[in-house]
Amino acid sequence: MATKFDTEALVREAEWRKCQADVVHWANHFVQVVALGAGGRCLMNTSNRPYQEEGLRMLADPSQRRIITLKSRQVGWTTTCAVAALWWVLFHADQYVLFISRREDDARTFFTRRTMRTGGCRTGCASGRPSGLTRPCSE
């Protein structure tokens, strides 16, 4: 008896597993960030920011319990940490994430300016770009 497979479901499952295994792949293909300089929502792109890719890989490594970074201001580290936290919560069971801020207004700024969405990766990573997305981020 031959079994019929839903090809689209298999493609989505393969993409889901790829996203689960590689935080950088997920971030570059399915995470939208608000880039104030680019004029709206756009895909996160780490190809021209190797420090963000390295940071995502460090934050995704379960053996890295404590991470200290030396960085300048305004290089996207908050966004990188938020994307890594979102990846942990979406792709790993029983994960808790806590962000601590120096002041309440800094925390409010984080949640209002760093708007992210996954574009429905749980149900359909194979679609390529999240709905409503028209362009990648540009420098």
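Start with the largest nonpolar core of this predicted model. Select Trp26, Leu56, Val83, Trp87 and Phe91: of the 19 residues in that core, these have the most contacts inside it. Now colour by element of secondary structure. H1, helix H2 (23–30), helix H3 (50–60) and helix H4 (77–91) each give two or more residues to the core. H4 gives the most, with six residues.

Stay on H4 and pick Thr80, which is found in that helix. Is Thr80 buried or exposed? Its relative accessibility is 0%, so Thr80 counts as buried. Show its surroundings, leaving out residues up to four places away in sequence, and you'll find that Thr80 touches Met44, Gln52, Gly55, Leu56 and Leu59. Leu56 should look familiar: it was one of the core residues with the most contacts.

Next, hide everything but H2 and H3. Their axes lie 9 Å apart and the two helices pack at an angle of about 125°. H2 and H3 are therefore oblique to each other. Which residues meet here? From H2, select Val23, Val24 and Ala27; from H3, select Glu53, Leu56, Arg57 and Ala60. Leu56 turns up once more, this time as part of the H2 and H3 meeting.

Now bring back H1, residues 7–21. Put a distance monitor on its end C-alpha atoms: this helix of 15 residues reaches 21 Å from the first to the last, close to the 21 Å expected at 1.5 Å a residue. Then select Glu15, Trp16 and Cys19, which are buried. Look down the axis to see why they belong together: they cover an arc of only 105° around it, which puts them on the same side of H1. That fits a general rule: an α-helix has 3.6 residues a turn, so residues three or four places apart point the same way. Spin the view to the other side of H1, and there are Thr7, Arg17 and Ala21, which are exposed.

Finally, zoom out and show the whole protein chain as a cartoon. You should be able to count six helices and two strands. Trace them along the sequence and the pattern reads α-α-β-β-α-α-α-α. Switch to an accessibility colouring, and 29% of the 139 residues of the protein chain count as buried. For a last stop, try a contact map. Taking contacts between residues at least 6 apart in sequence, 64% of them join residues at least 24 apart.

Key
Residues numbered from 1 in each chain as written. Predicted model: local features only at pLDDT ≥ 70, side-chain atom pairs only at ≥ 80, totals over all residues. Heavy atoms only, no water. Helix = DSSP H or I, 4+ residues; strand = E, 2+ residues; numbered from the N terminus. Expected span 1.5 Å × (residues − 1). Buried < 20%, exposed > 50% of the residue type's maximum accessible area, 1.4 Å probe, protein only. Arc of directions from axis to C-beta. Core = buried A, V, L, I, M, F, W, Y, C linked by side-chain atoms within 4.5 Å. Axes fitted to C-alpha atoms, helices over the stretch in contact; angles between N-to-C directions. Parallel < 35°, antiparallel > 145°, perpendicular 65-115°, else oblique. Contact = heavy atoms within 4.5 Å.
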